[in-house]
2 protein chains.
Amino acid sequence: MGTIDIDGNRQEATCKQELIAMRDSLEILGGKWKLMLLRYLSNRLEEKNNFKKIQREIEGLSAKMLAKELKDLELNLLVSRSVVNTKPVTVEYRITPYGLNVLPLSENLVQWGLDHRAQIKR
Amino acid sequence: MGTIDIDGNRQEATCKQELIAMRDSLEILGGKWKLMLLRYLSNRLEEKNNFKKIQREIEGLSAKMLAKELKDLELNLLVSRSVVNTKPVTVEYRITPYGLNVLPLSENLVQWGLDHRAQIKR
DNA sequence: GTAACCGGTAACCTACAGGAAACTATCATC
DNA sequence: GATGATAGTTTCCTGTAGGTTACCGGTTAC
C-alpha cells in the first residue's frame, strides 16, 4: 500500500520513461529531412510522389539521404512505399494515416521556432 | 491585388520560413541534454540548482556537456545564470519564465514517444 | 546502339556531437 | 600544507550524420 519507497520508485520510473520517450521522438523525427518529408507528403496527399519527383522538388536532398530517410520513416510506419508496374517501374511514397499524427507536433515546432525568432530579435 | 505570381511567391516564402523555423527549433532544443535540462529545472523551481548538483543528479552528464548546454540555453534566454556570493562561490541556474513555454512542446514529444512505442509494439 | 528515364546502392570523405580524463583557480577546513 | 568543495576549461578521442560522386540494372525512345 504505497510506502514511500514504492511511490518513489514508481515516480522515478515514470520520469525515466518520459525522458526515454522524449529521446525516442527526437531520434525518430529528428533527422535533417524527416519532418520536412512528412510535411511535404502531407501537402501532396493527392499526388503520386515518386522517388525522383521528391528528390527534384526538395532542394539539397541527395538520393542517398532520401532513400535512408524514407526507409527510416517506413520502418516507423509513418510512410508507406508501393512499387507501381509502370515502365519504367515507379515507386509511390505516401504518408500513412498514422503518420498524419505527427503534423500537430510539427506545427508546434514551427510555431515555437517562429515565436522564438521574434523573441530573440527583441 | 494578388496576381498568381505574388501569391505563389508569398506562399513559397511562408513555406520556406516554416521549414527554417522547424529546423531552428530542432537545433535549439535538439541537443542530447537540452530538453532534459529544461524539464529538470522546471521540476525544481523552488530549489537552488547549482552546477554540481545538476551534474550529480543527471546521470551520465559530464561537466563539459553541462557547461555547454547551459550556455546554449542561456544564449536563447531559456535559462538564467546567477553567481551567488557564497564561499566557495556557487552558481544558480533557473529556467526563465520564457523558458517555461517549451514545456508544452516537450510534453507533446513525450506523449508522441509513448504513443509511438505502443503503436510499434502491435 | 546510345542516350535518357526510373529507383536506388556503394565508396569515400568531412565536420561536428559528444564522451573521458586531467587540469585550473578560489576558498574553507583540518 | 593537504584535502575537498565550488565551477568550470582543456585536451584528446571516437562515432556518426550527412554530403559527393560514381555506379548498377531495367526500360523506353530516338
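**Helix α5 of chain B**

I began with the length of α5(B) in this predicted model. At 1.5 Å a residue, the 20 residues of α5(B) should span 28 Å, and I found its end C-alpha atoms 29 Å apart, which agrees.

I then looked up which residues of α5(B) are buried, and noted B:V102, B:L109, B:V110, B:W112, B:G113 and B:H116. These residues cover an arc of only 165° around the axis, which puts them on the same side of α5(B). On the other side of the helix I listed B:P104, B:A118 and B:K121 as exposed. As a reminder to myself, an α-helix has 3.6 residues a turn, so residues three or four places apart point the same way.

**The contact between the two protein chains**

I next turned to the interface, where 24 residues of chain B are in contact with 24 residues of chain A. Which elements of chain B give two or more residues to the side that touches chain A? I found α1 (4-29), α2 (34-42) and α5 (102-121) of chain B, and α5(B) gives the most, with 11 residues. By class, I recorded this side of chain B as 14 nonpolar, seven polar and three charged residues.

I also asked how the copies are placed relative to each other, given that two copies of a chain are related by a rotation about an axis and a shift along it. Superposing chain B on chain A takes a rotation of 180° with 0.0 Å of shift along the axis, and the RMSD is 0.0 Å. I wrote this down as the relation of a two-fold axis. Since 100% of the interface residues of chain B are also interface residues in chain A, the copies meet through the same surface.

**Chain A as a fold**

For chain A I counted five helices and two strands, which follow the pattern α-α-α-α-β-β-α when read along the sequence. Of its 122 residues, 23% count as buried. Among contacts in chain A between residues at least 6 apart in sequence, I noted that 49% join residues at least 24 apart.

**A closer look at A:L78**

I picked out A:L78, which lies in the loop between α4 and β1 (79-84) of chain A. Is A:L78 buried or exposed? I entered A:L78 as buried, because 24 other C-beta atoms lie within 10 Å, where the cut-off for a buried residue is 20 or more. Leaving aside neighbours within four places in sequence, A:L78 is in contact with A:L38, A:L73, A:I95, A:T96, A:Y98, A:G99 and A:V102. One of these, A:T96, is 18 residues from A:L78 along the chain, yet I read a separation of 5.4 Å between the two C-alpha atoms.

**The surfaces near the DNA strands**

Around DNA strand C I found 19 residues, of which A:N50, A:K52, A:T90, A:V91 and B:K32 come nearest. The elements that each supply at least two residues of this surface are α3 (51-57), α4 (63-75) and β2 (90-95) of chain A, together with α4 (63-75) of chain B. I sorted the residues near strand C into nine nonpolar, five polar and five charged.

For DNA strand D I also found 19 surrounding residues, the closest being A:K32, A:K87, B:N50, B:K52 and B:V91. Here α4 of chain A and α3 (51-57), α4 and β2 (90-95) of chain B each supply at least two residues. The surface near strand D has nine nonpolar, five polar and five charged residues.

Methods:
Residues are numbered from 1 along each chain as its sequence is written. Chains are lettered from A and ligands numbered from 1 in the order in which they are written. This is a predicted model: local features need pLDDT of at least 70, side-chain atom pairs count only at pLDDT 80 or more; totals for chains, interfaces and linings use all residues. A residue is near a molecule or strand if its C-beta atom, placed from the backbone, lies within 6 Å of it. Helices (H or I, at least four residues) and strands (E, at least two) are DSSP runs, numbered from the N terminus. Ala, Val, Leu, Ile, Met, Phe, Trp, Tyr, Cys and Pro count as nonpolar, Asp, Glu, Lys and Arg as charged, and the others, Gly among them, as polar. Copies are superposed by least squares on the C-alpha atoms of residues with pLDDT of at least 70 in both. Two residues are in contact if their C-beta atoms, placed from the backbone, lie within 7 Å. The expected span of a helix is 1.5 Å times one less than its number of residues. A residue is buried if 20 or more other C-beta atoms lie within 10 Å of its own, exposed if 12 or fewer, and partly exposed in between; C-beta atoms are placed from the backbone. The arc is that of the directions from the helix axis to the C-beta atoms.
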